[in-house]
Amino acid sequence: MRTVEFKMERQGLVNVGDQVKIIEREGTSSYSYIIDPAVAMSGCFAARDRIKSEYGIVKDIRENARGFYVVVDFDEDMPK
């Protein structure tokens with residue numbers, strides 16, 4: 001199991017327990033991920049740290065002064 005945090009601009013777009021699909025975006029030297037359809041975005045990952053699963057389960061949604069963060073668990077045994 002792998003846990004990844006995504007930045008979400010508005011609350012209420014996903015709920016704890018939801019299954020979400022991610023889209024991988026390749027940059028020049030890193031990868032980032034978007035919860036489809038444009039719900040939240042991850043930080044950057046090196047090629048060796050890419051997320052191996054296409055779907056995850058929302059574990060938690062947190063709010064702080066910078067906004068909302070979606071915490072997603074991925075089963076790395078389920079390949080893309």
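Let's start with alanine 38, which sits in the loop between E3 and E4. This is a predicted model, so please hear everything that follows as computed from it. Alanine 38 has a positive phi of about 50°, although it is not a glycine. At 65% relative accessibility, alanine 38 counts as exposed, because the cut-off for exposed is over 50%.

The same loop has another backbone feature. Proline 37 also lies in the loop between E3 and E4, and the peptide bond leading into proline 37 from aspartate 36 is cis, with omega near 5°.

Now to the interior. Which residues have the most contacts inside the largest nonpolar core? They are Phe6, Ile35, Val70 and Val72, in a core of 18 residues. Four strands each supply at least two residues of this core: E1 (2-8), E2 (19-26), E3 (31-36) and E6 (67-74). The largest share, four residues, comes from E6. As background, nonpolar side chains tend to be buried together in soluble globular proteins.

Take valine 70 as an example. Setting aside neighbours within four places in sequence, valine 70 is in contact with Val4, Glu5, Phe6, Met8, Val14, Ile35, Ala40, Val58 and Asp60. So two of the residues named for the core, Phe6 and Ile35, are among the contacts of valine 70.

Next, the aromatic rings. How many aromatic pairs does a search of the whole structure find? Two. One is phenylalanine 6 with phenylalanine 74: the ring centres are 6.3 Å apart and the planes are at 55°, so the pair counts as tilted. This pair links distant parts of the chain, with phenylalanine 6 in strand E1 and phenylalanine 74 in strand E6, 68 residues apart. Both phenylalanine 6 and phenylalanine 74 are buried.

The other pair is tyrosine 33 with phenylalanine 45, and it is edge-to-face, at 5.7 Å centre to centre with 70° between the planes. Tyrosine 33 is in strand E3, while phenylalanine 45 is in the loop between strand E4 (40-41) and strand E5 (55-64), 12 residues away in sequence. Tyrosine 33 and phenylalanine 45 are both buried.

Tyrosine 33 brings us to glutamate 24, which has its place in strand E2. Is glutamate 24 buried, exposed or partly exposed? Its relative accessible area is 26%, so glutamate 24 is partly exposed. The side chain of glutamate 24 makes a polar contact of 2.7 Å with the side chain of tyrosine 33. There is also a polar contact, again 2.7 Å, between the side chains of glutamate 24 and arginine 50.

Arginine 50 turns up elsewhere too. Arginine 50 lies over the face of tyrosine 31, at 4.1 Å from the ring centre. A second case of this kind is lysine 7, which lies over the face of tyrosine 69 at 5.6 Å from the ring centre.

Last, arginine 2, in strand E1. With a relative accessible area of 18%, arginine 2 is buried, because the cut-off for buried is under 20%. What does the side chain of arginine 2 reach? The backbone oxygen of aspartate 49, at 2.7 Å, and the backbone oxygen of arginine 50, at 3.0 Å. Apart from neighbours within four places in sequence, the contacts of arginine 2 include Phe45, Ile51, Val72 and Phe74. Phe45 and Phe74 are the residues we met in the aromatic pairs.

Conventions:
Residues numbered from 1 in each chain as written. Predicted model: local features only at pLDDT ≥ 70, side-chain atom pairs only at ≥ 80, totals over all residues. Heavy atoms only, no water. Core = buried A, V, L, I, M, F, W, Y, C linked by side-chain atoms within 4.5 Å. Buried < 20%, exposed > 50% of the residue type's maximum accessible area, 1.4 Å probe, protein only. Contact = heavy atoms within 4.5 Å. Polar contact = N/O pair within 3.5 Å; in protein donor to acceptor, adjacent residues only side chain to side chain. Phe/Tyr/Trp six-rings, centres within 6.5 Å; stacked < 30°, edge-to-face > 60°. Lys NZ or Arg CZ within 6 Å of the ring centre and 35° of its normal.
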